[in-house]
Structure formats: C-alpha cells, structure tokens
Amino acid sequence: MTYIAINTIGDYPEDFLTAKVDVEHYLIETGEIEKRMRLDEFIVYLNIQKTIYMKGQKSIAFRIIKGENDEYVFYSLLDNDEELFDLFKSALEKLKYDFSSLKKIEPIELIQLDLSKEEVFMFDFVVYK
C-alpha cells in the first residue's frame, strides 16, 4: 500500500503521476474507463471527499484505489500533522483496509460520542466507528 498526498503534488509530482498512471492502466485493463484522464479529471475521479477519517477536530479525506502494480491511498491532509497521519495510517492498517467491520453510528449515538477524543470514519456523510 502506497500513500500519496494530493496536497503535495507540487512538491513530489513524480509520486502522484506514477500512481496515476498505474491506476489508469488497471482501470483501462478492467474496462472501468476507456482512456487516460487529464490530471484534473483524475483528481475529480478520485472523489476523496466521500471518505473521511476524523480524530478530534481534525480530518483526512482519502480514497483507496487499486492500480496495476500496487494499491494506493490518495489522501488530503490540510495541516502538516504527522501525528494525525500516523493515527490515520495505523487505523487503516488495523482494519486491513477493509471497512466492513465498522458499525454505523446512529444520529442519537453521535450526540453521546465525545468527538474530540473518538476516532471515526465518515462515508457519504454517514459516521462509522
């Protein structure tokens, strides 16, 4: 699993572009897309705002996607917060990148959670723990 920060494309464009090409080759090979995408189209395709990791008052938007040679976690971390990134990476590894074991948090339960301390995931604006 390779982690690719979207918000540092300017710093390390080769990492992002290598992952983009690998993912595109896989998507073309499996018939999910017909042709390569422009950079802006690929970023929109990733749609990372659909999946969010939250810890305290901070969050990381991300998308896990398979490539031809590797799997990637494309993510956006607004603050350069290494501790938050390490917690995020650890949470994904603990789940083995499979979210099926998470339980949906009902709105009434959400009120009772101390979100300043809890570690949760949000998929399509629904919270899971």
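Start by selecting Phe42 and showing its neighbours: beyond residues up to four places away in sequence, Phe42 touches Phe16, Lys20, Val23, Glu24, Met37 and Phe74, a contact being heavy atoms within 4.5 Å. Before going on, note that this is a predicted model, in which local features need pLDDT of at least 70 and side-chain atom pairs count only at pLDDT 80 or more, while totals for chains, interfaces and linings use all residues. Residues are numbered from 1 along each chain as its sequence is written, and side-chain values use heavy atoms, with hydrogens and water left out.

**The core around Phe42**

Keep Phe42 on screen and add Ile6, Phe16, Val23, Leu46, Tyr72 and Phe74; in the largest nonpolar core, which has 22 residues, these seven touch the most other members. Such a core is a set of buried Ala, Val, Leu, Ile, Met, Phe, Trp, Tyr and Cys residues joined through side-chain atoms within 4.5 Å. Buried means under 20% relative accessible area, exposed means over 50%, and partly exposed lies in between (1.4 Å probe, protein chains only). Now colour by element: helix 1, helix 2 (39-46), strand 3, strand 4 and strand 5 each supply at least two residues of this core. Helix 1 gives the most, with four residues. A second, separate core of 17 residues includes Tyr3, Tyr75, Phe85 and Leu102.

**Charged pairs**

Next, select Lys20 and Glu24. They form a salt bridge whose closest N and O atoms are 2.8 Å apart; the term covers a side-chain nitrogen of Lys or Arg within 4 Å of a carboxyl oxygen of Asp or Glu. Lys20 and Glu24 are four residues apart in helix 1 (residues 13-29), so about one helical turn separates them. Are they buried or exposed? Both Glu24 and Lys20 are buried. Add Arg36 to see a network of salt bridges linking Lys20, Glu24 and Arg36.

Move on to Arg38, which meets Asp40 in a salt bridge (3.0 Å, N to O). Glu41 also forms a salt bridge with Arg38, at 3.2 Å between the closest N and O atoms. Asp40 is partly exposed, at 42% relative accessible area, and Glu41 is partly exposed at 33%. The structure holds eight salt bridges.

**Helix 3**

Now select residues 82-94. At 1.5 Å a residue (times one less than the number of residues), the 13 residues of helix 3 should span 18 Å, and its end C-alpha atoms are 18 Å apart, which agrees. Which residues of helix 3 are buried? They are Leu84, Phe85, Phe88, Ala91 and Leu92. These residues cover an arc of only 125 degrees around the axis, which puts them on the same side of helix 3; the arc is taken from the directions from the helix axis to the C-beta atoms. Their cover includes strand 1 (2-5), strand 2 (51-55), strand 3 (58-66), strand 4 (71-76) and strand 5 (119-123). Turn the view round: the face away from the buried side carries the exposed residues Glu83 and Lys94.

At the N-terminal end of helix 3, Asp81 acts as a cap, with a side-chain oxygen 3.2 Å from the backbone nitrogen of Glu83. After helix 3, look for Lys96, whose phi is positive, near 55 degrees.

**Zooming out**

Finally, show the whole protein as a cartoon: it has four helices and six strands, taken as DSSP runs (helices H or I, at least four residues; strands E, at least two) numbered from the N terminus. Along the sequence they follow the pattern β-α-α-β-β-β-α-α-β-β. Of the 129 residues, 36% count as buried.

Key: Polar contact = N/O pair within 3.5 Å; in protein donor to acceptor, adjacent residues only side chain to side chain.
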